[in-house]
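Reader: Hi! I'd like to go through this structure with you, a bit at a time. Could we start with the metal site?

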Amino acid sequence: MNARHVKQQLFEESGQNLIVGRVIDCPIEPERLAQTTADSPYVIEAFDSGLTAEVYRVRFDNKDFTLKKKRQSAKVQNLDGQFSFLNEVQRRQDFQKLKAERRTGRSLDGIVNTVYADYRLGIILSEWIEGAPIQNLTTEILQQLFSTLMMCEQNGLFEWDLCSGNLLVDHHQQLKLFDFGYMYEFDPRRAFNSNGTNDPLFNFCERFETRFLSGWLLEKGYTQDKALTLFREVKMTALKAIEDKITWLEGNGGESYIIEYYRGIQREFSEAISNQSVLERCFLTTMFRSHVLDIEDDLEGKSCTALTLKRIDVVQEILNHHFPLLESCGALFYQNEGASQEALRLQYEQKWKLAESYQL
Ligand SMILES: Nc1ncnc2c1ncn2[C@@H]1O[C@H](COP(=O)(O)OP(=O)(O)OP(=O)(O)O)[C@@H](O)[C@H]1O
Ligand SMILES: [Mg+2]
């Protein structure tokens, strides 16, 4: 258990409630909302993908909402999964406060509005986002995503789960975040992410590349040229966000090691966008890192798909052909650090078999 788990556990046991919003804004009594099933007359769509919650599109007086209902027990066994519903209600409260303060101006447009949430009833009612998952990864969408994430970070919130199912683009071409089960508090002046200073590997751009971009590129099956062009666009847009972040850190008491960390990334990204061979190398090591991290997530959750197998194929391919590069640029981290090429080849062969047996 980490410090956050302990706090959330204490809250859970205290019996205390956490309510976001006003009950008069709730279209029916919260207690009735909490009884919702797929058969409720006002349900017009049910999403059964959720691991910690059931999600319904509901309609009252011709107005649509999204109801997220806590599952009795989360399908994710680990503590982060167990507390993800509570965590989400906590984040909804943070955002409603920020929205009420209006200090952040339009930068909160990328965050869904919460109508009403009651933790003990196990409900979160949100505005319905009329839209679709990201279809085209445009500069505009990337800018919106990164500036929303920077706003979250400046307010001490770090998002881990930027997968495609957690990002919607509405009819005004506005990107919206709406799932905060894995968004945690952190001190942006002193920490790299919500793991403090333990894991500098993780930052907003890495999260996007790992949870979204690496899988997106595999699924789209783009040519190397097209993939590189898109990757360069991501780096260029992230670079702008990083420059803003550095300015903010300098003006707001950021520790020098945090500023240095972002300056390092700034140098790395600048070089990649101005030199094609550096870009290609960066693409290779970034995809390797992203797949390695995502494979571990899937294996740990025993939730593997055809994409997991594809990711392992790519990792094996890169291991076979570019091992010295991986070694020299620090792409072998955590359990892979210091391992020989042969040992890693064997490990990923085993992971492939494991992933095959964990297919959902
Ligand atoms: N406010 C909303 N407007 C429109 N659609 C939504 C909204 N909230 C959620 N959805 C839809 O419901 C799906 C599941 O919602 P959400 O990601 O919040 O639940 P979850 O339990 O965390 O699911 P998962 O475990 O799959 O991430 C989303 O992928 C999205 O398609
Ligand atoms: Mg989700």
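**The magnesium site and beyond**

Author: Happy to! The magnesium ion (ligand 2) has two protein donors, Asn-166 through OD1 and Asp-179 through OD, lying 2.0 to 2.1 Å from the ion. Keep in mind that this is a predicted model.

Reader: Where in the chain do Asn-166 and Asp-179 lie?

Author: Asn-166 is in the loop between strand S8 (157–159) and strand S9 (167–170), while Asp-179 is in the loop between strand S10 (175–177) and strand S11 (183–185), so the pair ties together parts that are 13 residues apart in sequence.

Reader: Are Asn-166 and Asp-179 buried or exposed?

Author: Both Asn-166 and Asp-179 are buried.

Reader: Thanks. How many cavities of 30 Å³ or more does a search of the whole structure find?

Author: The search finds 1. The largest cavity holds about 30 Å³ of space.

Reader: Which residues line the largest cavity?

Author: Its lining is made of Glu-159, Asp-161, Leu-162, Asn-166, Leu-177, Phe-178, Asp-179 and Phe-180. You'll recognise Asn-166 and Asp-179 there, the protein donors of the magnesium ion. By class, the lining has 4 nonpolar, 1 polar and 3 charged residues.

Reader: Leu-177 is on that list. What else touches Thr-148, besides Leu-177?

Author: Leaving out residues up to four places away in sequence, Thr-148 also touches Ser-107, Gly-110 and Ile-111. Thr-148 sits in helix H5 (residues 139–154), and with a relative accessibility of 5% Thr-148 counts as buried.

Reader: And how far apart in space are Thr-148 and Ile-124?

Author: They are 21 Å apart, C-alpha to C-alpha, with their positions 24 residues apart in sequence.

Reader: What about Gln-174, which residues is it in contact with?

Author: Setting aside neighbours within four places in sequence, Gln-174 is in contact with Arg-106, Asp-109, Gly-110, Gln-144, Leu-168 and Val-169. Gly-110 is also one of the residues that Thr-148 touches. Gln-174 lies in the loop between S9 and S10, and Gln-174 counts as buried at 15% relative accessibility.

Reader: Let's switch to pockets. What volume does the second largest pocket have?

Author: About 600 Å³. There are 26 residues in its lining, and the closest to the centre are Glu-268, Thr-285, Thr-286, Arg-289 and Cys-329.

Reader: Which elements give two or more residues to that lining?

Author: Those are helix H6 (204–220), helix H8 (256–274), helix H9 (276–300) and helix H10 (306–328). H8 gives the largest share, 7 residues.

Reader: How does the lining of the second largest pocket divide by class?

Author: It has 13 nonpolar, 6 polar and 7 charged residues.

Reader: I always check cysteines before choosing buffers. How many disulfides does a search of the whole structure find?

Author: The count is 0. For Cys-163, the nearest cysteine sulfur is that of Cys-304, 15 Å away. Cys-163 is also buried, at 18% relative accessible area.

Reader: Why is Cys-282 not bonded to Cys-205?

Author: Cys-205 has the closest cysteine sulfur to that of Cys-282, but the two are 8.8 Å apart, which is too far for a bond. A disulfide pair needs its sulfur atoms within 2.5 Å. Cys-282 is buried too, with a relative accessible area of 9%.

Reader: One more on the backbone. Which residue other than glycine has a phi near 50 degrees?

Author: That's Asp-61, and the value is positive. Asn-62 has a positive phi as well, of about 65 degrees, and is not a glycine either. For background, most residues other than glycine have a negative phi.

Reader: Where are Asp-61 and Asn-62 placed?

Author: Asp-61 is in the loop between strand S3 (53–60) and strand S4 (63–70), and Asn-62 is in that loop too. Asp-61 is exposed, with 80% relative accessible area, and Asn-62 is exposed with 76%.

Reader: Last one: is Thr-247 buried or exposed?

Author: Thr-247 counts as exposed, at 53% relative accessibility. Its place is in helix H7 (residues 224–251). The C-alpha atoms of Thr-247 and Arg-311 are separated by 36 Å, and the two residues are 64 apart along the chain.

Methods:
Residues are numbered from 1 along each chain as its sequence is written. Chains are lettered from A and ligands numbered from 1 in the order in which they are written. This is a predicted model: local features need pLDDT of at least 70, side-chain atom pairs count only at pLDDT 80 or more; totals for chains, interfaces and linings use all residues. Side-chain values use heavy atoms; hydrogens and water are left out. On a 1 Å grid over the protein atoms alone, a cavity is a set of points where a 1.4 Å probe fits but cannot get out, and a pocket is an open set with protein on both sides within 12 Å along at least five of seven lines; lining residues have an atom within 4 Å of a point. Grid points are joined across faces, edges and corners, and a volume is the space filled by probe spheres set on the points. Helices (H or I, at least four residues) and strands (E, at least two) are DSSP runs, numbered from the N terminus. Ala, Val, Leu, Ile, Met, Phe, Trp, Tyr, Cys and Pro count as nonpolar, Asp, Glu, Lys and Arg as charged, and the others, Gly among them, as polar. Buried means under 20% relative accessible area, exposed over 50%, partly exposed in between (1.4 Å probe, protein chains only). Donors are N, O and S atoms within 2.8 Å of the metal (3.2 Å for Na, K and Ca); water is not among the atoms, so sites may look incomplete. Contact means heavy atoms within 4.5 Å.
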